[in-house]
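Trainee: I'd like to learn how to read a structure like this one. Can we go through it together?

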Amino acid sequence: MQLWQLWQSGYLTELFIKVIIFPGLVHISLVVLLAVWFERKVNARIHLRVGPYHVGPVMGFFQPIADFVKLIGKELIVPEKAHKLLYKTAPISALALSTLSFAFIPFGVIGSEMSLPFIPFHLSPGEYWVVYYSNISLLIVILLFSVRPFIIIAAGWACRSKYCTVGALRTAFQLLAYEVPLLVAIVGVVMVAGSFDLVAIIESQSSIWHGVFQPLGLAVFFVAMMAEVSRRPFDLPHAEQELVYGWATEYPGVLYGCFMMAEYVDLYLGAVLMTALFLGGWLGPAFLPPIAWFLLKAGIIVCIVTLLRGVFPRVRIDQLLDAGWTYLIPLALIQVLIILGLAHVAPGLLGLA
Amino acid sequence: MPVMRVKFGPQHPISGHLCLALDVDGDVVVNIEPDIGYTHRGLEKIAENRNYVQAVPPLERANIVDSVHMVLGYVEAVEELMGVEVPERAKFIRVIMAEMSRIASHLYWLCLMAVAVGLETMLMWPINDRELLLDLFEMYTGARITHSFFIPGGVRRDLPQGFKEQTFRALSYLEQRLGDYDRMLYQSYTFKIRTQGVGKLKPQEAIKLGLVGPSIRGSGVKVDVRKDEPYAAYDQLEFTVPTGKVGDSYDRSVVRLREMEQSISLIRQALERLPSGPIKAPAPSSAPKGETYSRVESARGELGYYLVGDGTTRPYRLKISSPSFRNLPAMGYLSKNVPFADIPVILWSLDLWPLDMDR
């Protein structure tokens, strides 16, 4: 009976649309496929190659889908000495964890009344495109972001292979070391916005983006985010030349596909967070709807990150850790001090007055 | 964490068929044991069972990316044993082919070095530009890699029509590309911090370890068979021997880039001064009793052939002293207490080619 009431009120439809379509699974999968395709195509052009060409209507557009289907079709070879339960659940939990973060991120504000024919569904202006609204959403997302190293350690350990173990430990080093600058870079934003609520943070940027007065914070966040999602030049977890494929060496078929997809979801998550925290989220001139502004900004960041892959060699783990502790954290702290000073001297400039 | 033994190869994305057993303490390699022989084909014995001309095709398989030098060293040794004087034109053609092979080999090395530091762009660019040289080889010999085109006494055929023009076109393009490589890889900050100070060898150490080729020249030791003991037409051409200063992986890499520039200039000179005349001298089918040691400067360094003749049509004994094998001790010497990630960099800065090593 209660279910019927939920259906009547339009809540079930709303949940379905938000979880499955936007900003849920379909949206994330599409972005991931687009990012994979873009990365392959653009890097191929940098390499003076053609890249994906035959699959799909234009420029090998369906190649990532074909690859994923191929991965699904592969035999799952579980190493004999592996910890079976961890081995099988780690990839799935990695993907689930990465995707879960999107439940708390608001992707835009609803401008006009929305409803569907025949199905009870109703969204009124002023509501947000978010699955679960929370006033500590940033904290939740950061928390979920921080759990990933443990899954990776578990995944690497479960294989009982040397390459995997070394790769997992290395990944743990990297992710834990770069979480600190990432969090410190966020502090300035949270101070100005006065809230852990992503909606409040985005709306506090209506006069000026946080990135304008916090360029150091933006830069530190960008670099730390690149390291967190293991992109070149910080893709040490998969250092192919040393560790074959790092902690994911022993994972076949669809299990590897889960890890790979989780990686791209994380990349998109990083870009989305950066957009929300520093680049004004969905705010922008009115000729585009808010959602489009949000996706555009996040998409541009994803493109920049994938482009960097073609021009940077990989750094070494000790150099990476050195850079994290000696440059990024002090820079982020300086940014916090600058913001403190500005808030004291000229609060109007930050939109605090 | 206890010391763990990790096998680096023979099936590994970067090591080729070379197996390195690494003792790893966390992320630091404390000891290394090279385990070679996975590609041993017994080419020396194969060559001893064939007559002098028939031995050419198997021998060039010893180092497939630098096949011209493998054959050049062999035919120089055979000519020395037989006392055959090679015509001038053949000498110049040999220089052209050898230097083209050196560039092709260095381009191949460059892409492997770039992969060792993790830059795929520089894997694709040199391997693509190498095609130009392979096309030139194909135009001249009909084969891209395994030409078997030097025979005792000279070369098989004369240069085809239009070869000179096409070579000049390819060389000017390559020259421009070398600048691109310089900007893309060598000037890159990340490449510098990955290679500078890694695998540092002082000149005395390099001499003591018996390094050859670009690996020892990177340490600042000016050793080059082309200068010290000129063969073919190298005594008639002008070139410099680039050397490094510090002796680290970066210097060894720079030396190879500069060598490619020198090779381009050498090919140009040789093509311009190419004398007319015969391209092969008659060579006897059997060699007299005696022994000889002949050496050439291959892309990886000094390549020696020890040859013993017994008056028959077959060599009594043939021994190859290959540059990669002579550079291998440096790998073990340099890989003590270095980060795991430096192993591929050191490996490819020495350009250890497993096929060459095992023969």
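Mentor: Sure, here are some questions and answers on this model, which is a predicted one.

Trainee: Let's start where the chains meet. How many residues of chain B are in contact with chain A?

Mentor: On the chain A side, 23 residues take part. They divide into eleven nonpolar, four polar and eight charged. Across from them, the number of chain B residues in contact is 27.

Trainee: Which helices of chain A each supply at least two residues of that side?

Mentor: Look along chain A for the helices that touch chain B. Residues 162-193, 240-243 and 317-345 are the stretches to find. Those helices are α7, α11 and α14.

Trainee: How are α7(A) and α14(A) placed, roughly parallel or roughly perpendicular?

Mentor: Their axes come within 9 Å and cross at roughly 10°. Their contact is made of 20 nonpolar, four polar and one charged residues. An angle under 35 degrees counts as roughly parallel. Therefore α7(A) and α14(A) are roughly parallel.

Trainee: Now α12 of chain A. Why is it largely enclosed by the rest of the structure?

Mentor: This helix runs over residues 253-278 and reaches 38 Å from its first C-alpha to its last, close to the 38 Å expected. Just after it, A:Gly280 takes a positive phi of about 80°. As for the enclosure, α12(A) is largely enclosed because, of its 26 residues, the number buried is 23.

Trainee: Which helix gives the largest share of the largest nonpolar core?

Mentor: That core has 199 residues, and those with the most contacts inside it are A:Ala224, A:Tyr268 and B:Tyr74. Among the residues B:Tyr74 touches is B:Tyr305. The largest share is 19 residues, and it comes from residues 88-117 of chain B, helix α4.

Trainee: Where is the proline that a cis peptide bond joins to A:Phe22?

Mentor: The proline is A:Pro23, and omega of the bond is about 0°. A:Pro23 is found in the loop between α2 and α3 of chain A.

Trainee: B:Ser148 and B:Ala232 have a positive phi without being glycines. Is B:Ala232 buried or exposed?

Mentor: Take B:Ser148 for practice: it sits in the loop between α5 and β4 of chain B, and with 17 C-beta neighbours inside 10 Å it counts as partly exposed. B:Ala232 lies in the loop between α10 and α11 of chain B. The cut-off for buried is 20 or more. B:Ala232 has 22 such neighbours, so it counts as buried.

How values were computed. Residues are numbered from 1 along each chain as its sequence is written. Chains are lettered from A and ligands numbered from 1 in the order in which they are written. This is a predicted model: local features need pLDDT of at least 70, side-chain atom pairs count only at pLDDT 80 or more; totals for chains, interfaces and linings use all residues. Two residues are in contact if their C-beta atoms, placed from the backbone, lie within 7 Å. Helices (H or I, at least four residues) and strands (E, at least two) are DSSP runs, numbered from the N terminus. Ala, Val, Leu, Ile, Met, Phe, Trp, Tyr, Cys and Pro count as nonpolar, Asp, Glu, Lys and Arg as charged, and the others, Gly among them, as polar. The expected span of a helix is 1.5 Å times one less than its number of residues. A residue is buried if 20 or more other C-beta atoms lie within 10 Å of its own, exposed if 12 or fewer, and partly exposed in between; C-beta atoms are placed from the backbone. Axes are lines fitted to C-alpha atoms, for helices over the stretch in contact, and angles run from 0 to 180 degrees between N-to-C directions. Angles under 35 degrees count as roughly parallel, over 145 as roughly antiparallel, 65 to 115 as roughly perpendicular and the rest as oblique. A nonpolar core is a set of buried Ala, Val, Leu, Ile, Met, Phe, Trp, Tyr and Cys residues joined through C-beta atoms within 7 Å. Lists of a residue's contacts leave out its neighbours within four places in sequence.
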